[in-house]
Structures are given as C-alpha cells and as structure tokens.
Amino acid sequence: MIGGVFLKNNDVEEIFDDDVVQPPSTNRGAGRTTETSLTLCCDWVSVTSKKISCYESLLALLNLDFSLFSESETSRNGFKKMYNYNGVNLLLEHKDVYFMLDITGEGCRFLESLNNYSWIDFFKIFLLYDLNFTRLDLALDSINDFSFSLLTMYKKIKFGHVKGSFRRFKNFEDICFNTGIELGRTLYFGSPKSNFMFRFYDKFGESLSKGKTIESGVMRWIRYEIQFRGDYAKAMILNIVFGGIDDIGFYFKGFLRSNLEFLIPSKTDSNKRRWKICKWWLDFLDNVGKLPLKLNYKEPTLFKKVNWLENGVSKTNALVNLAGYYGLSNPLNLTKGYLKLLDSKEDLAIFNDFLIKSGNEPLNMRTFNTMITNFLDLEGIKKDDYYGI
C-alpha cells in the first residue's frame, strides 16, 4: 500500500481510509438487521393523448373513479383544468392535447394498492390506448448494502475514475449546521430537462430528516433513480414490455451499465476504455450487459395486442360489468371504438399489417370503412346516428 493506494496486477484501486463503509454502531431503534435487498418500482409516469378523448374508459381499466377526483384551484402544462386523486393527476382542456395523466410517486403506490397489475401490465394499458409518454421515473432501492457508498462514487468521479455518457455531474450534501454531521448526499448525472437523468441519494437520511418511520431492521437505504423523458421514456417502456424478459430490473441495470461505469485506474495505461470496471459496481448490477435504447423500437401490432386483450382487458371488463349490479356503469363503449376507426390511416395500416402476415390481401380505406359500418349495422346503429353517439 502506497499512500492509501493498493497496487495489484499493475492496476490501481483507490481506497480511502475515511470511506470504509460499515454498518452503524447502533441500530437506531431497529429490532433486527434486514438482509441486503434490491427493490425496483415505477416512481412517476406521465402520458398524454392527442387521439383519444374518452379518458373515462382508461380510468376504469385502472380501477379509478373520476367522481372521486377533486378539482385543483390551479393547473399547468397549458391545461385549463386539473383534477387529483391520491397522487394521480388528470389534466383536461388543452388546445393540442385531449388529456394528460400525470402519476406521481404517491399515485404509483396508490395504483398498486388498487390493482393486481404489475407495472408491465400498466404499461401495456397505456400502449393499448396509444398514449404518448412524456416522463417515466424508475427507482431501485438498495437496503443494507455496505459494499460501497455514495461517497465512494463521488470520489471516483472527482479522481476521473469513471466513464459514461454524461458531460456534467452535481453533488449536494445535507449538513447539520450545529454538528457538521452529514445528513444525506445526492448525486445528479445529467439535467432534468435532458432525455434521461440519473439521481442517486440517501433515502434513509431523507426519511429521518422528514420524521418518517423507517421499517425495523433497515440501517442503510440508498435510492437509485433514472428519469426518462419523451422518446427515451417510450423506448424504455417498449423494451420492458416487448423485450422478452419479464424483469424491469434487468432493463434498469442494463441502462445504468450503458451510461455509467466506475473504473479501476491502470498504473501503465492511461486509456480509460481499457481500464477494468470496479467489482462492487458489477456486483451491484448483477453483471448485466449494456442496454442501449433503440429509439426506433417498433411496437408489435395486433399479434401482441390480441393476446393481452384476451387475458387482461376481458377480465377487467367482466369485473366492471359485475359491479354494474351495484350501480357502477361500464364506460367501455365498443361502438365508440368502431367510430374512431373510420377514416383512420394509422389503424388501417395496423390492420393491413395483420392481414399480410396472416396471408390475406390488404384493404383500401373504402373497404375498411365498409367493414366497420357493417359491424355498426349489426349493433343497430344507422349511419345518420353515428355522430350522435
């Protein structure tokens, strides 16, 4: 060891004597020590629609009742009205957008409590309605992992022992004025307005400072968040839903690995691209490979949607119908769905994609509309009544 630096196999691993991560000397009121765990959740999601105005049916699929929403005194994002229900915000009356559903972290936990859906199921619902994703926050909670710290990461960055896709980095410390004791630390990679941003912080310290109760046995709690916006939010959701691996954590860690790596500097080689990655970082990411997002990722059309309609929507629709005996009306109106297909070039393209792949001839718009009106005739709806529905 030379000056606090260990040398091994011509590699240099920075070890700082004041950064040895140890469990606290007291359990701070905890009754036992919880095993190390990683838990991933969705912590924010925002969607908008320029095509669908019937937000009632979407709320019904999410088991939300609009009559329980309270109108806010103010609104935002160019919408004239905003309604809130346990962290779920519905924004209405915009010149370009029919509605916006803005679900905060509180709203995400509330939706989970109302439904047996996984977040993959929620994402499928949003894709089914062809919504536009404006924001997606994914959060990974690391409990009682003492293998490295936020201070370790901070020092690695200050010494340049890191590589990734960011140009700037910010470090914020929360210090007790009277004692000088660090109460928490937050590391920011990127900008909140960029396509994606990483935010790592001490959730344990934040909870204590706000007077929140911490589960017994939790002695260390670090939260790792990725905030996606726009095309990156949509691309991540398409990867999660159609990537073939039923584990959001796989995609979360793969994206972390693609954009941030902590390195062991070499004594003989100044090229960072050839430096080894810190074992503690690889262990934390379970050695997953890199996951560069495909921004032109194409969502499978009818073949994927039919299976989910059969297994997901049908059950929810049946449940809402059963609740009709107790006064709940089902807002899912299939007749309105047929009407929205009329003269829709996008939906005709999806339908023709299905026909071609199943060995049939594609339709023109006139034939497509005729097929739709035939279905409406079976429902007893006459052409003159279409726009009165």
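**Exercise 1. Take stock of the fold.** How many helices and strands does the protein chain have?

*Solution.* Start with the secondary structure. In this predicted model, the protein chain has twelve helices and 15 strands. Next, turn to burial. The chain holds 389 residues, and 44% of them count as buried. Then take the surface. Its accessible area is about 22,100 Å², and carbon and sulfur atoms account for 51% of that. Finish with the contacts. Among those with a separation of 6 or more, 66% join residues 24 or more positions apart.

**Exercise 2. Map the nonpolar cores.** Which residues have the most contacts inside the largest nonpolar core, and which helix gives the most to this core?

*Solution.* Begin with the largest core. It has 81 residues. Phe126, Phe228 and Trp281 have the most contacts inside it. Helix H6, residues 230–242, gives the most to this core: nine residues. Another core lies apart from it and has seven residues, including Leu342, Phe368, Ile372 and Leu376.

Now list the neighbours of Phe126. Leave out residues up to four places away in sequence. Phe126 then touches Val45, Val47, Leu58, Leu62, Leu101, Ile103, Leu131 and Phe133. Keep Val47 and Leu101 in mind for the next exercise.

**Exercise 3. Trace the partners of strand E3.** How many bridges join strand E3 to strand E8, and how many join E3 to strand E7?

*Solution.* Take E8 to begin with. Eleven bridges join E3 (residues 37–49) to E8 (residues 132–143), and the two run antiparallel. Leu40 has Leu140 as its bridge partner in E8.

Go on to E7. Five bridges join E3 to E7 (residues 99–103), again antiparallel. Here Val47 has Leu101 as its bridge partner. Both Val47 and Leu101 are touched by Phe126.

**Exercise 4. Check helix H7.** What is the span of H7 from its first C-alpha to its last, and is the helix mostly covered or mostly open?

*Solution.* Compare the spans. H7 covers residues 248–259, twelve in number. Its span is 17 Å, close to the 16 Å expected at 1.5 Å a residue.

Next, count burial. Ten of the twelve residues are buried, so the helix is mostly covered. Among the buried ones are the aromatic residues Tyr251, Phe252 and Phe255. Lys253 and Arg257 are buried too.

Last, look at the start of the helix. A side-chain oxygen of Asp247 comes to within 3.0 Å of the backbone nitrogen of Gly249. Gly249 is itself buried.

**Exercise 5. Order a small sheet.** What is the strand order of the open sheet of three strands, and which are its edge strands?

*Solution.* Read the order: E9-E14-E15, with antiparallel pairing. Pick out the edges. E9 (162–164) and E15 (276–277) each pair on one side only. Then inspect one pair. Two bridges join E14 (residues 260–264) to E15. Leu263 has Ile277 as its bridge partner in E15.

**Exercise 6. Examine Ser266.** Why does Ser266 count as buried, and which backbone nitrogens does its side chain reach?

*Solution.* Locate the residue: Ser266 sits in the loop between E14 and E15. Apply the cut-off. Buried means under 20% relative accessible area. Ser266 has 17% relative accessibility, so it counts as buried. Then follow the side chain of Ser266. It reaches the backbone nitrogen of Thr268 at 3.2 Å. It also reaches the backbone nitrogen of Asp269, at 3.2 Å.

Conventions. Residues are numbered from 1 along each chain as its sequence is written. This is a predicted model: local features need pLDDT of at least 70, side-chain atom pairs count only at pLDDT 80 or more; totals for chains, interfaces and linings use all residues. Side-chain values use heavy atoms; hydrogens and water are left out. Helices (H or I, at least four residues) and strands (E, at least two) are DSSP runs, numbered from the N terminus. Buried means under 20% relative accessible area, exposed over 50%, partly exposed in between (1.4 Å probe, protein chains only). Contact means heavy atoms within 4.5 Å. Accessible areas come from the Shrake-Rupley method with a 1.4 Å probe; for residues, only the protein chains shown count as cover. A nonpolar core is a set of buried Ala, Val, Leu, Ile, Met, Phe, Trp, Tyr and Cys residues joined through side-chain atoms within 4.5 Å. The expected span of a helix is 1.5 Å times one less than its number of residues. A polar contact is a pair of N or O atoms within 3.5 Å; within protein, one must be able to donate a hydrogen and the other to accept it, and residues adjacent in sequence count only if both atoms are side-chain atoms. Two strands pair if DSSP finds at least two bridges between them.
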